[in-house]
Every structure is written in structure tokens, then in C-alpha cells.
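The following exercises concern a ligand and its surroundings in a protein model. Each task is followed by a solution that proceeds step by step.

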Amino acid sequence: MAGRETLTMIKPHAVENGNMGNILAMILDAGFTIKAIKMVKLSLHQAKEFYKIHEEREFYGPLTEFMSNGPIIAAILEKDNAVEDYRKFIGSTDPTKAEEGTIRKLFGKNTRENAVHGSDSDENALIEADFFFSKMERYYN
Ligand code: CMP
């Protein structure tokens, strides 16, 4: 059975542009509940750790530089089928290919600065949630 949690980050450019309120409102309107949330500025070391699965990719350096450039919002979102539904909801990694009305279409600039991150599997959602949040920082219904 698919898991009920996914991890999102609102990326630095979207926070800097003042879009975190709009993005969070869209997430809540889409039926996700927020189980944990924080604003944090990642160090380069932390960004590299978070995106370690991409360390062989050519975009790893620029991506981790960008992600440690300013504050982000990290949140654990809860909903049935959370990982898949959230990925559909935010749109394609490349904002130019994202469907109209998706967060990445509305707020993304390019493939790196694509407004939000979403976990790509239930397994990674758990790892990513543990990266940002202790048990005490999570709200349970
Ligand atoms: P995100 O959901 O944060 O997960 C991994 C990130 O890598 C992805 O969003 C993009 O920002 C980035 N990414 C993936 N593919 C590319 C690419 N081809 N060029 C630049 N960045 C990429």
C-alpha cells in the first residue's frame, strides 16, 4: 500500500520571491495536511547530503549551491497516496513541460529553480522527513 507522507521543500527563489504563502495555500487546497514544517537555510554540506543520490549527475554542484543559497521551507505533507499525488500536483521537473496550473508551471523558473521539491518514492520520503524533522517536531492526528 502506498504511504501517506511525502517531503516537500519550497526552494530558495520561491521563498525570496514571496511565493511561500501562495504555494502553501495551494498545497492545503489540494487536500494535503501539514504534519511538520520549518524554515531553514541549508549549508552546502547539508544540501549535498540531502541530494546525495544525485552526486554523479552533472547538475549536482549547481543544484546544491542553489539550494544552500537562501532559506527554504521544508514540510512533511500527509494524504493518501502522498508521493504520487504530490508529484502529479506540482508538475514536471522542467517547468516548461509542467501542466498549466501546477506549482512548477506557475512558480518555477527552470529545471533547477523549479519552485518545489517532492519525494520520488515512499522510501525516500521517510529518509527525507528524517533529514529535517525529529519526532517531537511532527504533529500526529
Ligand atoms: P527536485 O524535486 O528537488 O529533485 C532533484 C532535483 O534535481 C530536481 O528537483 C531538479 O531541480 C534537479 N534536476 C533534475 N534534473 C535536472 C537537470 N537535468 N538539470 C538541472 N537540474 C536537474
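**Exercise 1.** Determine which polar contacts hold the oxygen atoms of the ligand in this predicted model, and state how much of the ligand surface the protein buries.

*Solution.* Step 1: a polar side-chain atom of Asn 114 lies 3.3 Å from a ligand oxygen atom, which is within the 3.5 Å cut-off for a polar contact. Step 2: for Arg 112, the atom concerned is a backbone N or O, again 3.3 Å from an oxygen atom of the ligand. Step 3: the side chain of Lys 11 places an N or O atom 2.9 Å from a ligand oxygen. Step 4: the ligand taken alone exposes 450 Å², and the protein buries 77% of that area.

**Exercise 2.** Describe the shell around the ligand by residue class.

*Solution.* Step 1: list the surrounding residues, among them Lys 11, Arg 104, Arg 112, Thr 93, Thr 111 and Asn 114. Step 2: sort the shell by class, which gives three nonpolar, six polar and three charged residues.

**Exercise 3.** Locate the ligand relative to the pockets and characterise the lining of the largest pocket.

*Solution.* Step 1: the ligand sits in the largest pocket, whose volume is about 570 Å³. Step 2: 25 residues line this pocket, with Tyr 51, His 54, Phe 59, Leu 63 and His 117 nearest its centre. Step 3: the lining divides into eight nonpolar, eight polar and nine charged residues. Step 4: helix 3 (44-50), strand 4 (116-118) and helix 7 (122-132) each supply at least two lining residues; helix 7 gives the largest share, four residues.

Notes
Residues numbered from 1 in each chain as written. Predicted model: local features only at pLDDT ≥ 70, side-chain atom pairs only at ≥ 80, totals over all residues. Heavy atoms only, no water. Near = heavy atom within 4 Å. Polar contact = N/O pair within 3.5 Å; in protein donor to acceptor, adjacent residues only side chain to side chain. Areas by Shrake-Rupley, 256 points an atom, 1.4 Å probe, with all protein chains shown as cover. 1 Å grid on protein atoms, 1.4 Å probe; cavity = no way out; pocket = protein on both sides within 12 Å on 5 of 7 lines; lining within 4 Å. Sits in = over half its atoms within 2 Å of the grid points. Nonpolar A, V, L, I, M, F, W, Y, C, P; charged D, E, K, R; others polar. Points joined across faces, edges and corners; volume = space filled by probe spheres on them.
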